[in-house]
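Okay, thanks for making time for this one. I'll put it up on the screen first, and then we can walk through it together.

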Amino acid sequence: MCIRDSLSSGRLEVTEVSEAGSVPTLVARNLGEHPVLIIDGEELVGARQNRVANVSILVAAGSTVAIPVSCVERGRWRWQSPQCSDSKQAMHASGRRKNIRQVNQSLRSDRAYRGDQGGVWEEVERMAVHLRVESPTESLGDVFQQHEQALAAYAEGAAPAPGQCGAVFAVNGMVRGVEVFEDPVTFAAVLEKLLRSYALEAMDQPGPSGPPADRAAVEAFLAAVGAAPVQRFPGVGGGETLRLESREVVGAGLAVADRIVHLVAFAAAG
């Protein structure tokens, strides 16, 4: 089950760890009867500030899990709501790629799911400046909101094919990333978020129109993902996190009982 439906129905609660809060951590409580998937880079808004998840997590039914996060709203540290709610987007693709690489490094060095908070803030600021967005709280959400009309146009009419469980994304004819889910229902539920993520990327990196990425480019990218070395670490809340990094790609995944629940990978440059 995706986070959007679970939060809106009250089956999932995401809150600060305490009244005082902690920037790099939120707490998820699954009050429902089914596991809930939170994907890497997914934005959670409200509470004391907006954050994005540092790793994909499957929150088991009836469980409480501490979520490692990075802040994407540097200028606010005050209560907006008792709980976090879902947003319409995940962090833009280049920001996710940078944070995945940092978490990879953190896991290798001290087994922590720690992002580069300063780097995330710098990336949000860079995006806001480049897209001419003014945000009183330096919020990534404001960047998306102030370009809502253009983002909606990118995503309009997009729908997965029957049984589709993933997609390869390209910007200006260059393959940028792939997102794969175990369940086609989950992919359908998060597709708009992913499209908005790449749409903002396209707006940030405009280029001359040209032919779309061809089959050979897609196959070469997927082959690089398949060939990338994989490191395994205990997952947050269960399962294993898979960390991929090579000269060509950087990525992460969540495996539970030898099933790939979610996998994301980006071109290492671009």
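I'll start with the overall fold and then go through two of the helices.

First thing to keep in mind: this is a predicted model. We have seven helices and 14 strands in the protein. So how does the radius of gyration compare with that of a compact globule? A compact globule of 270 residues should come out near 18 Å, and the protein has 17 Å, which agrees. Along the principal axes, the C-alpha atoms fill a box of roughly 50 × 45 × 40 Å.

On burial, 51% of the 270 residues count as buried. The accessible surface is about 12000 Å², and carbon and sulfur atoms own 54% of that. As for contacts, take those with a separation of 6 or more: 62% of them are between residues 24 or more positions apart.

Okay, helix H3, residues 117-130. With 14 residues at 1.5 Å each, H3 should span 20 Å, and its end C-alpha atoms are indeed 20 Å apart. Which residues of H3 are buried? They are Gln-117, Val-120, Glu-123, Val-124, Met-127 and Ala-128. Look down the axis of H3 and those buried residues fall within an arc of 130°, so they line one face of the helix. Flip to the other side of H3 and you find Glu-122 and Val-129 exposed.

And what sits over the buried residues of H3? The cover includes strand S7 (64-71) as well as three helices: H2 (93-110), H4 (140-145) and H6 (184-204). One more detail here: just after H3, Arg-132 takes a positive phi, about 55°.

Now over to helix H7, residues 215-227. H7 has 13 residues and reaches 18 Å from its first C-alpha to its last, close to the 18 Å expected at 1.5 Å a residue. Its buried residues are Phe-221, Ala-224 and Val-225. Down the axis of H7, these buried residues fall within an arc of 100°, so they too line one face of their helix. On the other side of H7, Arg-215, Ala-216, Gly-226 and Ala-227 are exposed.

What covers the buried residues of H7? Strands, among them S10 (174-181), S12 (240-245), S13 (249-256) and S14 (259-267).

If you take away one picture, make it the two helices: H3 has its buried residues lining one face, and H7 has its buried residues lining one face as well. That's what I had, thanks.

Technical notes. Residues numbered from 1 in each chain as written. Predicted model: local features only at pLDDT ≥ 70, side-chain atom pairs only at ≥ 80, totals over all residues. Heavy atoms only, no water. Helix = DSSP H or I, 4+ residues; strand = E, 2+ residues; numbered from the N terminus. Expected span 1.5 Å × (residues − 1). Buried < 20%, exposed > 50% of the residue type's maximum accessible area, 1.4 Å probe, protein only. Arc of directions from axis to C-beta. Contact = heavy atoms within 4.5 Å. Rg over C-alpha atoms; globule rule 2.2 N^0.38 Å. Areas by Shrake-Rupley, 256 points an atom, 1.4 Å probe, with all protein chains shown as cover.
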